[in-house]
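Welcome, and please load the model in your viewer. We will go from stop to stop, with something to select at each one.

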Amino acid sequence: MAREAGLHLDTVRAWRGRFAEGGLSALADRTRSGRPARFTPVQVTEAKAPACRLPAETGVPLARRSCPELASELSVRGITDSVSASTVRR
């Protein structure tokens with residue numbers, strides 16, 4: 001069954017063990033280590049919106065739809081203080 005679902009057997013065993021120990025609530029996401037997110041989900045959504053709009057809708061030429069231009073637009077619109085073009089690209 002694990003292979004049918006595209007999961008490794010060890011993953012299935014780990015999740016099954018978590019469920020057996022704590023029930024359905026034990027399957028919730030756990031706190032992750034690492035650096036906390038720099039941008040809120042709202043900022044991420046607002047950053048993706050201009051990139052998904054057609055240039056004709058915004059009046060901006062297609063040639064200006066580069067990552068550096070989008071990063072600049074996010075700062076100008078006040079969505080974020082600063083963001084690099086490489087972050088926008090990712």
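Start by selecting α2, which gives the most to the lining of the largest pocket, with 5 residues. Helices here are DSSP runs of H or I with at least four residues, strands are runs of E with at least two, and both are numbered from the N terminus. This is a predicted model, where local features need pLDDT of at least 70, side-chain atom pairs count only at pLDDT 80 or more, and totals for chains, interfaces and linings use all residues. Residues are numbered from 1 along each chain as its sequence is written, and side-chain values use heavy atoms, with hydrogens and water left out.

Next, add α4 (67-76) and α5 (85-89) to α2 (41-52): each of these supplies at least two residues of the pocket lining. A pocket is an open set of points on a 1 Å grid, where a 1.4 Å probe fits, with protein on both sides within 12 Å along at least five of seven lines; lining residues have an atom within 4 Å of a point. To find the centre, select Val44, Ala47, Lys48, Thr87 and Val88, which lie nearest to it among the 15 lining residues. The space in this pocket is about 290 Å³, taken as that filled by probe spheres set on the points.

Keep Ala47 and add Arg77, in the loop between α4 and α5. Their C-alpha atoms are 10.0 Å apart, with the two positions 30 residues apart along the chain. Arg77 counts as partly exposed because its relative accessibility is 41% (buried is under 20%, exposed over 50%, partly exposed in between, with a 1.4 Å probe and protein chains only).

Now which residue lies over the face of Trp15? Select Arg18, at 4.5 Å from the ring centre; the rule asks for NZ of Lys or CZ of Arg within 6 Å of that centre and within 35 degrees of the ring normal.

Last stop: show Cys52 and Cys67. The disulfide count is 0, the rule being a pair of cysteine sulfur atoms within 2.5 Å. The sulfur of Cys67 has its closest cysteine sulfur in Cys52, 12 Å away, so the two are too far apart for a bond. Cys52 counts as exposed, because its relative accessibility is 68%.
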